[in-house]
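Welcome! Take a moment to turn the model around on your screen, and then read the short tour below.

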Amino acid sequence: MKVLLSMAAAAMMFVASVAVAAAPAKPVVLQAKSGAVTFSHDGAGHKALKCETCHADAKGGKIAGLDKDKGHKMCHECHKTQAKGPQKCAECHKK
């Protein structure tokens with residue numbers, strides 16, 4: 001019985017250690033001079049990506065140092081490489 005309890009406790013600790021943050025329910029709006037960029041974690045295949053694709057870890061949260069250059073490098077380059085998603089300025093930036 002003790003073995004089963006310790007195995008159950010170990011399993012619960014493992015599950016807790018790999019828990020990830022839930023994606024925001026609402027789209028995230030990033031303000032930019034050329035127009036706001038609205039990003040949805042649920043849309044356009046982003047839901048299938050691991051959080052660490054863009055974030056520092058699976059907890060999510062704000063992306064450190066996110067500015068125009070980093071946004072273009074992360075988002076635009078990925079869209080170009082994958083040949084998916086918006087690739088022209090006005091497709092992301094809305095005034």
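Which residue follows α2, and what sign does its phi have? The residue after α2 is A83, and its phi is positive, near 55°.

This is a predicted model, in which local features need pLDDT of at least 70 and side-chain atom pairs count only at pLDDT 80 or more, while totals for chains, interfaces and linings use all residues. Residues are numbered from 1 along each chain as its sequence is written, and side-chain values use heavy atoms, with hydrogens and water left out.

**Helix α2**
- Helix α2 covers residues 68-82; helices (H or I, at least four residues) and strands (E, at least two) are DSSP runs, numbered from the N terminus.
- Its 15 residues should span 21 Å, because the expected span is 1.5 Å times one less than the number of residues.
- The end C-alpha atoms of α2 are 20 Å apart, which agrees.
- At the start of α2, a side-chain oxygen of D67 comes within 3.3 Å of the backbone nitrogen of D69.

**H93**
- You will find H93 in strand β3 (residues 93-94).
- H93 is buried, with a relative accessible area of 18% (buried means under 20%, with a 1.4 Å probe and protein chains only).
- The H93 side chain reaches the backbone oxygen of G35 at 2.9 Å.

**H55**
- Look for H55 in the loop between β2 (36-39) and α2.
- H55 is buried too, at a relative accessible area of 15%.
- The side chain of H55 reaches the backbone oxygen of G61 at 2.7 Å.

Key
Buried means under 20% relative accessible area, exposed over 50%, partly exposed in between (1.4 Å probe, protein chains only). A polar contact is a pair of N or O atoms within 3.5 Å; within protein, one must be able to donate a hydrogen and the other to accept it, and residues adjacent in sequence count only if both atoms are side-chain atoms.
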